[in-house]
Amino acid sequence: MNNLFFIFCLFLIFLNALICVYSIPIARFFKIIDYPKNNKKKIHTKPTPLVGGLIFFTNIILFIFFDIFMGSNSVTGSQFLFDLRFISLKQIITFFIVIISIYFVSFYDDVYDISPFKKSLLFLIILYLLIISNPNVQISNLNFYIFDKNLEFNDFSMFLTLFCILSFMNAANMFDGINLQSAILYFSFLLIFLIKGIDQRFLIIFLVCLIFFIYMNSKGKMFIGNNGSYFLSFLVSIIIICDHNWNKNYFVEEIFLYMFFPGVDMIRLCLTRIKNNQSPLKGDNNHIHHLLLKKFNYSKSISIIFLLILTPIILFNYFNINLLVLISLNFILYLLLLIVCLKNKSTN
């Protein structure tokens, strides 16, 4: 089995290399190229393939099929799907339909730029179908670190689950703005899943994808695209919810800490846009990465983002720093950054 998985990994490495080498022809064929011309919201200056998500999507789908057919679990075949509690044929088929639908709606959005309302509605319908097919992916209760209590949601769990998944999908997508920013975010979740003991084979595949994407993205030759951002944030959400439900691996405050900066920046942007009589989902150049770039250069900006995302994870999991202290420090740091960045338009 280990030898087969090693061969499978080599195949994926070869596949990813092909996608990277032929990223421009692939992007042209599928019409998923980000053109900065005539769009003031764009930071980059050259047309860039939006095929980063394609690497993650193909690798993860192929891994799940590999896992199923290798029969590492007696119930589902796939140990990964069993860990996510997709334990019947109906649930597994529905999950595949949902995960593919999420990706293709996002892919279509990269090509034709779907309106935020229509896109959110489509995502809600798809997510609803997943949740009614498998109650295991519902947020049925929450464990609090501070109060040492377990809060049950019962009939409200459906709405809470839809809200949480869709909110994180939008927050993660809005957080994607400069090279390596999304890579840092998803590397942080790779680290979290490693700490929590998620299927190591899945984490290896995830790491392989990240390495290829980081290499291309760092050179400005590939973006993750909406197709990658929405797909990965959905998958991360499902993994965290299922792991929380069955293994009680997360506190509410802990999840909030891990998603703090994308989430808080999304809230700030939405409130600012509403205040300015604009749609909360309308794009602009007021994201935290835009503000950082106006004040600092790229290297300093991405280093700040790296430290803000990774440091709290390390401090909580390896040094047992109180979650409330970390959340408070994060909030203070975020406010200080805003104050510094908005104080003037000078660059360092």
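In the predicted model, the axes of helix α3 (residues 52–70) and helix α9 (residues 200–218) come within 10 Å and cross at roughly 160 degrees. Because angles over 145 degrees count as roughly antiparallel, this crossing makes α3 roughly antiparallel to α9, and the handedness of the crossing of α3 and α9 is right-handed. On the α3 side, the contact is made by Gly-52, Ile-55, Phe-56, Asn-59, Ile-60, Phe-63 and Asp-67, while α9 contributes Arg-201, Phe-202, Ile-205, Phe-206, Cys-209, Leu-210, Phe-212 and Phe-213. Sorted by class, the residues in the contact of α3 with α9 comprise eleven nonpolar, two polar and two charged residues.

A second helix pair is formed by α6 (residues 116–133) and α10 (residues 225–247), whose axes come within 14 Å and cross at roughly 35 degrees. The crossing in which α6 passes α10 is likewise right-handed. Lys-119, Phe-123, Leu-127 and Leu-130 of α6 make this contact with Tyr-230, Phe-234 and Ile-238 of α10, and by class the contact of α6 with α10 has six nonpolar residues, one charged residue and no polar residues.

The largest nonpolar core of the model contains 114 residues, of which Tyr-186, Phe-189, Phe-193, Phe-202 and Phe-234 touch the most other members. Helix α10 supplies the largest share of this core, with eleven residues. Two of these highly connected members also take part in the helix contacts described above, Phe-202 on the α9 side of the contact with α3 and Phe-234 on the α10 side of the contact with α6. For Tyr-186, when neighbours within four places in sequence are left aside, the contacts are with Ala-172, Phe-206, Leu-210, Ile-224, Ser-229, Leu-232, Ser-233 and Val-236; among these partners, Phe-206 and Leu-210 also belong to the α9 side of the contact with α3.

Apart from the largest core lies another core, of five residues, among them Ala-171, Met-174, Met-266 and Cys-270. Ala-171 lies in helix α7 (residues 157–175) and has a relative accessible area of 3%, so that this residue is buried. Not counting residues up to four places away in sequence, Ala-171 touches Pro-262, Gly-263 and Met-266, the last of which is itself among the members of the five-residue core. The C-alpha atom of Ala-171 is separated by 9.6 Å from that of Tyr-230, which is 59 residues apart from Ala-171 along the chain, and Tyr-230 is in turn one of the α10 residues that make the contact with α6.

Definitions and conventions. Residues numbered from 1 in each chain as written. Predicted model: local features only at pLDDT ≥ 70, side-chain atom pairs only at ≥ 80, totals over all residues. Heavy atoms only, no water. Axes fitted to C-alpha atoms, helices over the stretch in contact; angles between N-to-C directions. Helix = DSSP H or I, 4+ residues; strand = E, 2+ residues; numbered from the N terminus. Parallel < 35°, antiparallel > 145°, perpendicular 65-115°, else oblique. Left-handed = near helix turned anticlockwise from the far one by under 90°. Contact = heavy atoms within 4.5 Å. Nonpolar A, V, L, I, M, F, W, Y, C, P; charged D, E, K, R; others polar. Core = buried A, V, L, I, M, F, W, Y, C linked by side-chain atoms within 4.5 Å. Buried < 20%, exposed > 50% of the residue type's maximum accessible area, 1.4 Å probe, protein only.
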